[in-house]
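Some questions about a ligand site and a helix beside it follow. Each answer sets a value against the cut-off that gives the term its meaning.

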Amino acid sequence: MSLKNFDVGRGIGKGQFGRVFIAREKTSGYIVALKMLSIEELIKANAERQLRREVEIQANLRHPNILRLLGHFHDNIFFVLILEYAAKGELYKQLVKYGRLKEKKVSRYIAQMAEALSYIHKKHVIHRDIKPENLLIDLNDEIKIADFGWSVHTPSQRRKTFCGTLDYIPPEMIEGKEHDEKVDLWSLGVLCYELLTGTAPFEEPGNTATYKRIAKVEFTLPDHLSYDARDLINSLLQRDPKRRLPLKDVLKHPWIRKYKK
Ligand SMILES: CC(C)CCNC(=O)Cn1cc(-c2ccc3c(-c4nc5ccccc5[nH]4)n[nH]c3c2)cn1
């Protein structure tokens, strides 16, 4: 497999180590996303070992709501990842476009995220960095976790903070305590809040202010939210990880059940 097997189209994303292009595999006509990583950059950043580890993890994740790594190859300039193409692009662009999303749509996205996270947790993989910037939407409006752990997005208009956003980091990680898969329950609560309101619950212009509000779990729920939506957010944004609603109960929550297909 090499680049000769593909008709490469326009750029659809860019990251720290390279760019992403839409492409069509010539024999099958299959549309994919090709992520071209500069080998020189990878070596300079001493990142090739971590890349191999990530490829290992991603290659054996098979779930409808986790973006598939279909394959990879390299020539002497690029390491190329063949990734599943998500036809409706990045979720946060919807957020920028519409400001906030309807409860029915968010409820379905959160249900899909809970399914994907319980699959990931069963594989003892955690903290897949779930925030709108890492989520893609496919043709049937299904969410795809595309772990951009790799490519730090060029400063998008949404997050100015240096190391990517702190908005999704739970209190235990802010305080440098050990953490477990329950960090993803917190992030799911932050994601649900942000998709329903258009802003993250602890968002502040400065990092220290954000830290403070996260540590004190200081957030308010806007009036337009339904009772059930508030209840789910409150049961996930719990300071004590053990008190956060487990994923299996998220999937049985009234706000999730009432919009299920
Ligand atoms: C194996 C390991 C190192 C991690 C593999 N995962 C990644 O590299 C994460 N990643 C996914 C992408 C990515 C970016 C954009 C897309 C798209 C896509 N579809 C679009 C439709 C309209 C506008 C933009 C679009 N981007 N489909 N699949 C993608 C995949 C970029 N980095």
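Q: What makes the pair between K35 and the ligand a polar contact?
A: In this predicted model, a polar side-chain atom of K35 lies 2.8 Å from a ligand oxygen. A polar contact is a pair of N or O atoms within 3.5 Å, so the pair qualifies.

Q: Which backbone atoms lie close to nitrogen atoms of the ligand, and at what distances?
A: A backbone N or O atom of E84 is 2.9 Å from a ligand nitrogen, and a polar backbone atom of A86 is 2.6 Å from a ligand nitrogen. Both values fall within the 3.5 Å cut-off. The protein buries 94% of the 680 Å² that the ligand exposes when taken alone.

Q: Which element gives the largest share of the shell around the ligand?
A: That element is α2, with 4 residues. The shell has 23 residues, divided into 16 nonpolar, 2 polar and 5 charged.

Q: How do you know that the span of α2 fits its number of residues?
A: The 12 residues of α2 reach 16 Å from first C-alpha to last, close to the 16 Å expected at 1.5 Å a residue.

Q: Why are the buried residues of α2 said to line one face of the helix?
A: L51, E54, V55 and Q58 are buried, that is, each has under 20% relative accessible area. Seen down the axis of α2, the buried residues fall within an arc of 105 degrees, so they line one face. Residues three or four places apart in an α-helix point the same way, because there are 3.6 residues a turn. The face of α2 turned away from the buried side carries exposed R49, R52 and E56.

Methods: Residues numbered from 1 in each chain as written. Predicted model: local features only at pLDDT ≥ 70, side-chain atom pairs only at ≥ 80, totals over all residues. Heavy atoms only, no water. Near = heavy atom within 4 Å. Polar contact = N/O pair within 3.5 Å; in protein donor to acceptor, adjacent residues only side chain to side chain. Areas by Shrake-Rupley, 256 points an atom, 1.4 Å probe, with all protein chains shown as cover. Helix = DSSP H or I, 4+ residues; strand = E, 2+ residues; numbered from the N terminus. Nonpolar A, V, L, I, M, F, W, Y, C, P; charged D, E, K, R; others polar. Expected span 1.5 Å × (residues − 1). Buried < 20%, exposed > 50% of the residue type's maximum accessible area, 1.4 Å probe, protein only. Arc of directions from axis to C-beta.
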